[in-house]
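Biologist: I should like a close look at the interior of this protein and the residues around it. Please explain each term when it first appears.

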Amino acid sequence: TTYSNLRWKGITVADIKLNLGCGLVTKQGWVNVDRLALPGVDVQADLFQYPWDTLAQYYGQVDEILVSHLAEHIPHEARCNPGYGLEGYDGFFCFFHQCWLLLKPTGLLTVEAPHVRHEAAFMDPTHTRYLNPLTFNYLNQVEAERSNTFDYKLGYGFKVKKYAHLCLGGSLQALDQSPLAPYLWNSVWSFRVELEPIYESLHNG
C-alpha cells in the first residue's frame with residue numbers, strides 16, 4: 001500500500017491512522033494492518049518481526065495508532081533483523097519502539113488489553129504477558145532517567161496521557177470514577193491507555 005493508494009481509499013497523508021493487528025475488526029478511514037490477508041486488511045505485516053519494514057514508509061507520518069487486544073500477545077523473545085538497535089530486548093520494548101518511530105511528534109497511541117486482575121487475561125493460551133495501565137510507565141524513559149529507576153536505555157519513550165477501565169456491565173470509566181474497581185478480582189476486565197511520544201533527554205540507544 002502506497003500513499004497514492006491510501007488517497008484513493010479516502011485516507012489522506014495528513015490523517016494517517018493505523019489499526020495494528022486488526023484481525024476482522026477493521027476501521028473505516030484507517031489503515032488496517034494484520035499478518036493475515038483478512039477482509040478489510042490494507043497492509044499485511046508481521047508485527048512481531050522487527051523492524052517493521054513493510055510499514056517503514058509511514059515512519060514519522062502517523063497521527064494515531066490503535067493497538068487493540070494485541071499487546072498481550074507480544075512474544076518476549078523478539079525476532080530481530082541483523083543490526084536492529086534493540087536486539088536482545090524484550091519484544092514489548094521492540095514493538096512500542098516501532099510505534100514510536102511511526103508516530104508524528106503530536107501523535108497518539110491507544111492500547112487496549114485485558115486487565116491483569118481479570119481471568120480474561122489468563123484464559124487465552126496465546127497470551128504471553130499480563131498488563132495494567134501502569135505497565136506503560138516503563139516506557140517513560142525520561143522519568144526513569146530523572147528517578148534513576150528501571151532505566152532500560154531504550155532511546156525512545158512514551159508518557160501516559162490518560163487511562164480508563166472497562167468494568168463489569170460494559171461501562172468505560174475513568175479511574176477516579178471507580179477507585180476500587182482495578183483492585184477487585186474480575187471487576188475490571190480490560191483497560192484503555194493513551195500514550196504520547198516523548199523525545200527529551202533520551203539516550204541514543
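Modeller: The account below starts with the whole chain, enters the interior and then follows the neighbouring residues.

The model is predicted: local features require a pLDDT of at least 70 and side-chain atom pairs a pLDDT of 80 or more, while totals for chains, interfaces and linings use all residues. Residues are numbered from 1 along each chain as its sequence is written, and side-chain values use heavy atoms, with hydrogens and water left out.

The protein has four helices and ten strands (DSSP runs numbered from the N terminus, helices being H or I with at least four residues and strands E with at least two). Read from the N terminus, their order is α-β-β-β-β-β-β-α-β-α-α-β-β-β. Of its 205 residues, 45% are buried (under 20% relative accessible area; exposed is over 50% and partly exposed in between, with a 1.4 Å probe and protein chains only). Among contacts (heavy atoms within 4.5 Å) with a separation of 6 or more, 65% join residues 24 or more positions apart.

In soluble globular proteins, nonpolar side chains tend to be buried together. Here the largest nonpolar core holds 43 residues (a core is a set of buried Ala, Val, Leu, Ile, Met, Phe, Trp, Tyr and Cys residues joined through side-chain atoms within 4.5 Å). Leu20, Phe95 and Phe96 touch the most other members. Two or more residues come from each of strands E1 (17–20), E2 (31–34), E5 (62–68), E7 (103–114) and E10 (188–198), and likewise from helix H2 (91–102). Helix H2 contributes the most, with eight residues. Apart from residues up to four places away in sequence, Phe96 touches Ala71, Ile74, Leu109, Val111, Phe136, Leu139, Tyr156 and Phe158.

Ala71 and Ile74 lead to Arg129, which touches them too. Arg129 belongs to the loop between H3 and helix H4 (141–147). With a relative accessible area of 9%, Arg129 is therefore buried. Its side chain makes a polar contact with the side chain of Asp90 at 2.9 Å (a pair of N or O atoms within 3.5 Å; within protein, one must be able to donate a hydrogen and the other to accept it, and residues adjacent in sequence count only if both atoms are side-chain atoms). A second polar contact, at 3.3 Å, joins the side chains of Arg129 and His76. Beyond four places in sequence, the residues touched by Arg129 also include Glu72, Pro75 and Phe92.

Cys80 lies in strand E6 (residues 79–80) and is buried because its relative accessibility is 17%. Setting aside neighbours within four places, Cys80 is in contact with Gln49, Tyr50, Glu87 and Cys94. The C-alpha atoms of Cys80 and Cys94 are 8.7 Å apart, and the two residues are separated by 14 places in sequence. Tyr50 is joined to Pro51 by a cis peptide bond, with omega about -5°. Pro51 lies in the loop between strand E4 (49–50) and E5.

Two further loop residues deserve mention. His69, in the loop between E5 and E6, has a positive phi near 55° although it is not glycine. Its relative accessibility is 29%, so His69 counts as partly exposed. Lys153, in the loop between H4 and strand E8 (157–167), likewise has a positive phi, near 50°. Lys153 is partly exposed because its relative accessibility is 42%.
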